[in-house]
Amino acid sequence: MQGEPMTEGWLERWEEGRIGWHEAGGNRGLKANWTATGKNVLVPLCGKTVDLKWLAEGGNRVTGVELSPIAAAGFFEEHGLAYRVDQGGALPVYTGRDLPVRIVCGDYLAFDEAGFDAHFDRGALVALPPDQRPRYAAHTLARLEPEALQCVVTVDYDATRANGPPFVVATEELLGHWPGLELRDSYDDSDSMPPKFREAGLTTLIEKIWMSPG
């Protein structure tokens, strides 16, 4: 993934404020379907999503991994949350003082912590082109406990009219990466589609929520 959307291009988007994928109100499907508490949740490519705060306030410990320091600091600052930055490890870590959220800042593939018993993926897998997804998925699986709870968000739209990111990920591919996921929810999320999709003439975008039975 080095040199691809997770590095230079990704950092430029944050520097220029081109973050059309960001959901200011958090993810609808997560809120409707996640009921777990007491989990140690991994959120790859987290940006500054408010979902980190929602998961933590629901009684979970949350670790996001994000390349951009603008996004990492922005999460805490925009929510008025006190935090500290630890530079002593391989990657800088932004840690909340009053909320159990930490954001590890750097290349996700350089993140080697393991033992997470839950995983939330809203904009990571679908942000990557097909040739990068297998490595990302395998790296994520290696970070998780065998029976970890997973919640993965995918999108479906007419890919002949527009192309990602976010990309359409076929069911067969998704289950090939992370077997055991079940379709839990599906709904029209056209109001949240990226501006570039509207410009391409798309009128419908379906969001799908996949969860493991754990």
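A pocket, as the word is used here, is an open set of grid points with protein on both sides within 12 Å along at least five of seven lines. The structure shown above is a predicted model, and its second largest pocket offers a place to begin. About 200 Å³ of space lies in this pocket. Its lining is formed by 14 residues, and those closest to the centre are Pro 146, Glu 147, Ala 148, Gln 150 and Pro 179. Strand β7 contributes the most to the lining of the second largest pocket, namely 6 residues.

From β7 the reader may turn to helix α5, since this strand is among the elements that cover the buried residues of α5. The helix spans residues 133-143, and its buried residues are Arg 133, Tyr 136, Ala 137, His 139, Thr 140 and Arg 143. Viewed down the axis of α5, these buried residues fall within an arc of 165 degrees, so they line one face of the helix. A general property of helices helps in reading such a pattern: an α-helix has 3.6 residues a turn, so residues three or four places apart point the same way. The cover over the buried residues of α5 includes β1 (40-44), β6 (116-121), β7 (144-156) and α6 (171-177).

One residue of this helix deserves a separate look. Arg 133 is located in α5, and it counts as buried because its relative accessibility is 3%, while the cut-off for a buried residue is under 20%. A polar atom of the Arg 133 side chain lies 2.7 Å from the backbone oxygen of Leu 128. When neighbours within four places in sequence are left aside, Arg 133 is in contact with Leu 125, Leu 128, Phe 167, Val 168, Val 169, Glu 173 and His 177.

The loop between β7 and α6 contains both Pro 165 and Pro 166. The peptide bond from Gly 164 to Pro 165 is cis, with omega near 10 degrees. The peptide bond that follows, from Pro 165 to Pro 166, is also cis, with omega near -5 degrees.

Helix α4 covers residues 69-78, and its buried residues are Ala 71, Ala 72, Ala 73, Gly 74, Phe 75 and Phe 76. At the start of this helix, a side-chain oxygen of Ser 68 comes to within 3.1 Å of the backbone nitrogen of Ile 70. Just after α4, Gly 80 adopts a positive phi of about 65 degrees.

A positive phi also occurs at Leu 45, with a value of about 50 degrees, although this residue is not a glycine. Leu 45 belongs to the loop between β1 and α3 (51-57). With a relative accessibility of 16%, Leu 45 counts as buried.

The cysteines remain to be considered. How many disulfides does the model contain? The count comes to 0. A disulfide requires a pair of cysteine sulfur atoms within 2.5 Å. The closest cysteine sulfur to that of Cys 46 belongs to Cys 105 and is 8.9 Å away, which is too far for a bond. Is Cys 46 buried or exposed? Cys 46 is buried, because its relative accessible area is 6%. Cys 151 is likewise buried, with a relative accessible area of 0%.

Terms used: Residues are numbered from 1 along each chain as its sequence is written. This is a predicted model: local features need pLDDT of at least 70, side-chain atom pairs count only at pLDDT 80 or more; totals for chains, interfaces and linings use all residues. Side-chain values use heavy atoms; hydrogens and water are left out. Buried means under 20% relative accessible area, exposed over 50%, partly exposed in between (1.4 Å probe, protein chains only). Helices (H or I, at least four residues) and strands (E, at least two) are DSSP runs, numbered from the N terminus. The arc is that of the directions from the helix axis to the C-beta atoms. Contact means heavy atoms within 4.5 Å. A polar contact is a pair of N or O atoms within 3.5 Å; within protein, one must be able to donate a hydrogen and the other to accept it, and residues adjacent in sequence count only if both atoms are side-chain atoms. On a 1 Å grid over the protein atoms alone, a cavity is a set of points where a 1.4 Å probe fits but cannot get out, and a pocket is an open set with protein on both sides within 12 Å along at least five of seven lines; lining residues have an atom within 4 Å of a point. Grid points are joined across faces, edges and corners, and a volume is the space filled by probe spheres set on the points.
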